[in-house]
Amino acid sequence: MAASHSLLLCFILCFTHVFISTSEALFLPLIHSLSKTQFTSTHHLLKSTSTRSTARFHHYHHNKNSHNHRQVSLPLSPGSDYTLSFTLNSQPISLYLDTGSDLVWFPCQPFECILCEGKAENASLASTPPPKLSKTATPVSCKSSACSAVHSNLPSSDLCAISNCPLESIEISDCRKHSCPQFYYAYGDGSLVARLYRDSIRLPLSGPPNLIFNNFTFGCAHTALAEPIGVAGFGRGVLSLPAQLATLSPQLGNQFSYCLVSHSFDSDRVRRPSPLILGRYDHDEKERRVNGVNKPSFVYTSMLDNPKHPYFYCVGLEGISIGRKKIPAPEFLRKVDREGSGGLVVDSGTTFTMLPARLYDLVVAEFENRVGRVNERASVIEENTGLSPCYYFANNVVNVPSMGMKRKVGCLMLMNGGDEAELTGGPGATLGNYQQQGFEVVYDLEKGRVGFARRQCASLWEALNQN
């Protein structure tokens, strides 16, 4: 199934450096959270993944009247998410990449995680001891714009009052020595309480030297509910990695792209790194020098602003194509209204694409018309995976993920997001990372557009790492 160019959107991870020339792009590896996991039950994996996708999508539309707390969308648990590694004070940290949130946070010692048993399918991530804050880490002031941003733009005078800054000091704006109050973040199936700090972080590039990011702002969580692993937010907020990078190097921070290797939950392919590219770079020239071939050019679509979820990367969805059949999208998927309803958001923390019921039913009907007429329905697989429809295929008919059975099974990797009436106050659809595989997705933040181009992502990673 192919989607129109307006369908696609995107996600990724970025970082910065004071010592590297800003005339060059930087390349970092994204690692799938299952890369070090021995998973034997694809059924169980797909079931948990589809459940998370649904829960995360519907969380966008909940808490419509909750204005006192910042509601963000974070990965619910590993299984389909991509991680970026870096070093804080010589201590390694791996975080989930998330384009649906605008803050970088991670657990700090001492750390208490409530109801976290079994949350991480990749045990090596969850078992890594939380880092200790270094002596160079400094609390963010209550007067800082970063403090106001993390507290949903609450005035600094209010924040400094909460931090017990004396009234006379508040009146003369002399509360710099008072730190930003703790903040609360809630997400699909958990939450956390953290404080803002600044320190230097180091990220491993595809080759030496490492990337050093001084004065980097992040959340340090000492308590979390059902979330043992932190998040690298790449959304459109001022605290996201791209935004912080842009303040030091616009060349690196105003554009980034990533290319997720197609894996279909295959244990070998899921271990291959996916390239993350920071900055503007002549990808076509690199490809010509390495392989002597041209790559398909990008197709761009404009970003849409969402007043309720300003950190989302939203685009308009015009339709979905199945072969030569084009199914037009409902009007509310082509724009975002004043209440934050509509449009399509690309979400790195959601695995499978979620569509409103009306569009989903039309896609399923066309899929059934083309595939169901000649293939047996795999109802048992649908019950075990949460995906539908699924069919048994002859081995020479189609290449689909192995289900650990003698008979090959293929499923439509899209999900029903619910009726339009249920989707008010949030995106009408999401483009999950499974459907982003095999595309290089570029975020041109300076021009407010997202581009897509078909790629062999594993080959691209190899090409980018050749001199």
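These legends accompany five close-up views of a predicted model.

**View 1. Strand E10 and its two partners.** Let us start with strand E10, which covers residues 211–225. On one side of the pairing story is strand E6 (residues 104–114), joined to E10 in the parallel sense over six bridges. Within this pairing, look for Cys113, which stands opposite Ala224 in E10. Strand E9 (residues 190–203) also pairs with E10, this time running antiparallel, and twelve bridges join the two. Here Val193 stands opposite Thr223 in E10. As a general guide when following any strand by eye, side chains in a regular strand alternate between the two faces of the sheet.

**View 2. The second largest cavity and its lining.** The structure holds two cavities of 30 Å³ or more, and this view shows the second largest, with a volume of about 40 Å³. Which residues line the second largest cavity? They are Leu30, His32, Tyr82, Val261, His263, Arg269, Val270, Arg272 and Ser274. By character, the lining is made up of four nonpolar, three polar and two charged residues. Such spaces come to light by rolling a probe the size of a water molecule over the atoms, which shows where empty space is left.

**View 3. Cys165 in a loop between two helices.** Find helix H4 (156–162) and helix H5 (167–171), and you will meet Cys165 in the loop between them. Is Cys165 buried or exposed? With a relative accessible area of 6%, Cys165 is buried, because the cut-off for that label is under 20%. Setting aside its neighbours within four places in sequence, Cys165 is in contact with Cys160, Ile170, Asp174, Cys175 and His178. Ser179 is also worth finding: Cys165 and Ser179 are 14 residues apart in sequence, and their C-alpha atoms are 9.3 Å apart in space.

**View 4. The buried face of helix H12.** Helix H12 spans residues 457–464, and its buried residues are Cys457, Leu460, Trp461, Ala463 and Leu464. Where do they sit around the helix? Seen down the axis of H12, these buried residues fall within an arc of 165 degrees, so they line one face of the helix.

**View 5. Asp361 in helix H9.** Our last stop is Asp361, which belongs to helix H9 (residues 357–372). Its relative accessibility is 45%, so Asp361 counts as partly exposed. To place Asp361 against another part of the chain, look for Asn416: the two residues are 55 apart in sequence, while the C-alpha to C-alpha distance between them is 8.0 Å.

Conventions:
Residues numbered from 1 in each chain as written. Predicted model: local features only at pLDDT ≥ 70, side-chain atom pairs only at ≥ 80, totals over all residues. Heavy atoms only, no water. Helix = DSSP H or I, 4+ residues; strand = E, 2+ residues; numbered from the N terminus. Buried < 20%, exposed > 50% of the residue type's maximum accessible area, 1.4 Å probe, protein only. 1 Å grid on protein atoms, 1.4 Å probe; cavity = no way out; pocket = protein on both sides within 12 Å on 5 of 7 lines; lining within 4 Å. Points joined across faces, edges and corners; volume = space filled by probe spheres on them. Nonpolar A, V, L, I, M, F, W, Y, C, P; charged D, E, K, R; others polar. Arc of directions from axis to C-beta. Pairing = 2+ DSSP bridges. Contact = heavy atoms within 4.5 Å.
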